[in-house]
Amino acid sequence: MLVSRMMHPVCTLGPGERFAIWVSGCKRRCKKCANPELQAFDPKNEIPIDVLIQVVSDFCISKGVTGITISGGEPFEQPEELEKLVYGLPEQVHDILVFSGYTIEQLHEKKNPAIEKVLARISVLVDGEYKDELNQGHPLKGSQNQRIWFLQDEVKEAYEQFIRSHEATVQQFATSDDVFAIGIHRRNFDEDLARLMKKKGLSV
Ligand code: SF4
């Protein structure tokens, strides 16, 4: 599976301290995409699916992780791998949130059995194209046209509580050579960041 990055603990993309996976590859071209660097189907990001499942499962078991968020890129561009991943996770991971630029109707129209199986396993789908002009700072929806589908009822309360008690916010993760702002970005986040860094004599 093409995977660009994995992080934990992520607290800005769903309730609790989550393990988050960003796939690489997206054929959509939303204006002002928050992750344009993840649009390419870059073969150097390939991880054999059994290795990925093993690594994520071992980590989740060792840290007691019960919630996973899968974003990208576009997770449903790799439906067979996505199916294997969500069914390969340990039982304790009972909350799987997937972000997609496709609407749920568009996903069903693909008539792909792997996609249907993914939708039967995951807990929550946030669907639809990102529209920058409709970005209103919702904690889980990049833009107001997107919808939150509770596909498993038991997680609904935790998500409603998360939405009530959070604003759209980002969490910084620093690696040896990069900094990642993880979460739902407010409108003009990139311009504001560039302006702030320029003021401090830094470049992005
Ligand atoms: S679906 Fe997501 S990754 Fe793809 S272009 Fe739109 S915002 Fe970017």
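Lys32 counts as partly exposed, because it has 17 C-beta neighbours inside 10 Å, and being buried would take 20 or more. Phi of Lys32 is positive, about 65°, although the residue is not a glycine. Lys32 belongs to the loop between E2 and helix H1 (49-63). All of this is read from a predicted model.

**Backbone features**

Lys111 also has a positive phi, near 50°, and is a residue other than glycine. The loop that holds Lys111 runs between helix H3 (104-109) and helix H4 (113-121). Lys111 counts as exposed, because it has 8 C-beta neighbours inside 10 Å, and 12 or fewer is the cut-off for that class. The table sets out these two lysines.

| Residue | Phi | Loop | C-beta neighbours inside 10 Å |
|---|---|---|---|
| Lys32 | about 65° | between E2 and H1 | 17 |
| Lys111 | near 50° | between H3 and H4 | 8 |

A positive phi, near 80°, is found at Gly201, which follows H6. Helix H6 itself, residues 189-199, is hardly covered: of its eleven residues, the number that are buried is zero.

Two peptide bonds are cis. One joins His8 and Pro9, with omega about 0°, and Pro9 lies in strand E1. The other runs from Gly72 to Gly73, with omega near 15°; Gly73 is part of the loop between E3 and H2.

**The chain as a whole**

The protein chain contains six helices and eight strands. Their order from the N terminus is β-β-α-β-α-β-α-α-β-β-α-β-β-α. The radius of gyration is 16 Å, close to the 17 Å that the globule rule gives for 204 residues, so the chain is as compact as a globular protein of that length. Along the principal axes, the C-alpha atoms of the protein chain fill a box of roughly 50 × 35 × 30 Å. Buried residues make up 33% of the 204. Of the contacts between residues at least 6 apart in sequence, 68% join residues at least 24 apart.

**The sheet**

Six strands make an open sheet with mixed pairing, in the order E1-E2-E3-E4-E5-E6. Strand E1 (3-10) and strand E6 (147-150) are at the edges; each has a single partner strand, so one side of each is left without a neighbour in the sheet. From one strand to the next, the twist averages 15°. Strands of a sheet pair through backbone hydrogen bonds, in either the parallel or the antiparallel sense. Strand E2 (residues 18-23) and strand E3 (residues 67-71) are paired in the parallel sense, over four bridges. Within this part of the sheet, Phe19 stands opposite Ile68 in E3.

**Helix H2**

Gly88 lies in helix H2, which covers residues 79-88. Gly88 is partly exposed, because 15 other C-beta atoms lie within 10 Å. The C-alpha atoms of Gly88 and Asp50 are separated by 8.5 Å, although the two residues are 38 residues apart along the chain.

**The ligand shell**

There are 14 residues around the ligand, and those that come nearest are Cys26, Arg28, Cys30, Cys33 and Gly101. By character, the shell divides into six nonpolar, five polar and three charged residues.

Note on methods. Residues numbered from 1 in each chain as written. Predicted model: local features only at pLDDT ≥ 70, side-chain atom pairs only at ≥ 80, totals over all residues. Near = placed C-beta within 6 Å. Nonpolar A, V, L, I, M, F, W, Y, C, P; charged D, E, K, R; others polar. Pairing = 2+ DSSP bridges. Axes fitted to C-alpha atoms, helices over the stretch in contact; angles between N-to-C directions. Rg over C-alpha atoms; globule rule 2.2 N^0.38 Å. Contact = placed C-beta atoms within 7 Å.
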